[in-house]
Amino acid sequence: MNKRKIKKIFPLDFFGEDGSWRFIIRAESPDEIIDAMYWRAYISCHRKDFDLLHLATDKFNYKYHYSSSDSSELHYGLGGEPMRMNMMGPIVPISVILKKWGNAVSVVA
């Protein structure tokens, strides 16, 4: 790969989610890709342990179609149809995550 292609690829975003909540872990260089993939998966599984909103350097918008089996939760919807919500998710560079939590999370084999 030449330098021109590498610059077009990066930053590389890895989307994670926990239910309706979505976030991006951003790799700025090729040597951050593995860490970004690991942390995206780990944070998706342990979302309540991390405050990504205060670490975010940017945000992205997405649409979420909210539906529930409990009709009482859909009292704002029309005729029982799912509500379409505009949401914002945080974009967090992997370098910030590594600086804050680095080796604090042990990998269980």
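Where is Pro11 found? Select Pro11 and you land in the loop between helix H1 (3–9) and strand S1 (12–18). Helices here are DSSP runs of H or I with at least four residues, strands are runs of E with at least two, and both are numbered from the N terminus. Before going further, note that this is a predicted model: local features need pLDDT of at least 70, side-chain atom pairs count only at pLDDT 80 or more, and totals for chains, interfaces and linings use all residues. Residues are numbered from 1 along each chain as its sequence is written, and side-chain values use heavy atoms, leaving out hydrogens and water.

While you are at Pro11, look back at the bond from Phe10: this peptide bond is cis, with omega near 5°. Most peptide bonds are trans.

**Zoom out**

Now show the whole protein chain as a cartoon. You should find three helices and four strands, running α-β-β-α-β-β-α from the N terminus on. Of the 109 residues, 31% count as buried, meaning under 20% relative accessible area (exposed is over 50%, partly exposed in between, with a 1.4 Å probe and protein chains only). Contact means heavy atoms within 4.5 Å. Take the contacts with a separation of 6 or more: 57% of them join residues 24 or more positions apart.

**Select H2 and H3**

Next, pick helix H2 (residues 33–45) and helix H3 (residues 94–101). Their axes come within 10 Å and cross at roughly 70°. The axes are lines fitted to C-alpha atoms, for helices over the stretch in contact, and angles run from 0 to 180 degrees between N-to-C directions. H2 and H3 are therefore roughly perpendicular to each other, a label for angles of 65 to 115 degrees.

Show the side chains where they meet: Asp35, Ala36, Trp39 and Ile43 from H2, against Ile94, Ile97, Leu98 and Trp101 from H3. By class, this contact has seven nonpolar, no polar and one charged residues.

**Into the core**

Select Ile25, Trp39, Ile43, Leu52 and Ile97. Within the largest nonpolar core, which has 15 residues, these five touch the most other members. Such a core is a set of buried Ala, Val, Leu, Ile, Met, Phe, Trp, Tyr and Cys residues joined through side-chain atoms within 4.5 Å. Strand S2 (21–27), H2 and H3 are the elements that give two or more residues to this core, and S2 gives the most, with four. Then look for a second, separate core of six residues, with Phe60, Tyr62, Tyr64 and Met87 among them.

**Along the strands**

Stay on strand S2 and click Arg26. Is Arg26 buried or exposed? At 17% relative accessibility, Arg26 counts as buried. Setting aside residues up to four places away in sequence, Arg26 touches Pro11, where you started, along with Leu12, Asp13, Glu32, Ile91, Val92, Pro93 and Ile94.

Go on to Gly89 in strand S4 (residues 83–93). Gly89 is buried, with a relative accessible area of 2%. Try a distance from its C-alpha to that of Phe23: the two are 66 residues apart along the chain but separated by 5.0 Å. Beyond neighbours within four places in sequence, Gly89 is in contact with Arg22, Asp58, Lys59, Phe60 and Tyr62.

**Last stop**

Finish at His54, in the loop between H2 and strand S3 (58–66). His54 is exposed, with a relative accessible area of 68%. From His54 to Pro90 is 8.8 Å, C-alpha to C-alpha, across 36 residues of sequence.

Terms used
Parallel < 35°, antiparallel > 145°, perpendicular 65-115°, else oblique. Nonpolar A, V, L, I, M, F, W, Y, C, P; charged D, E, K, R; others polar.
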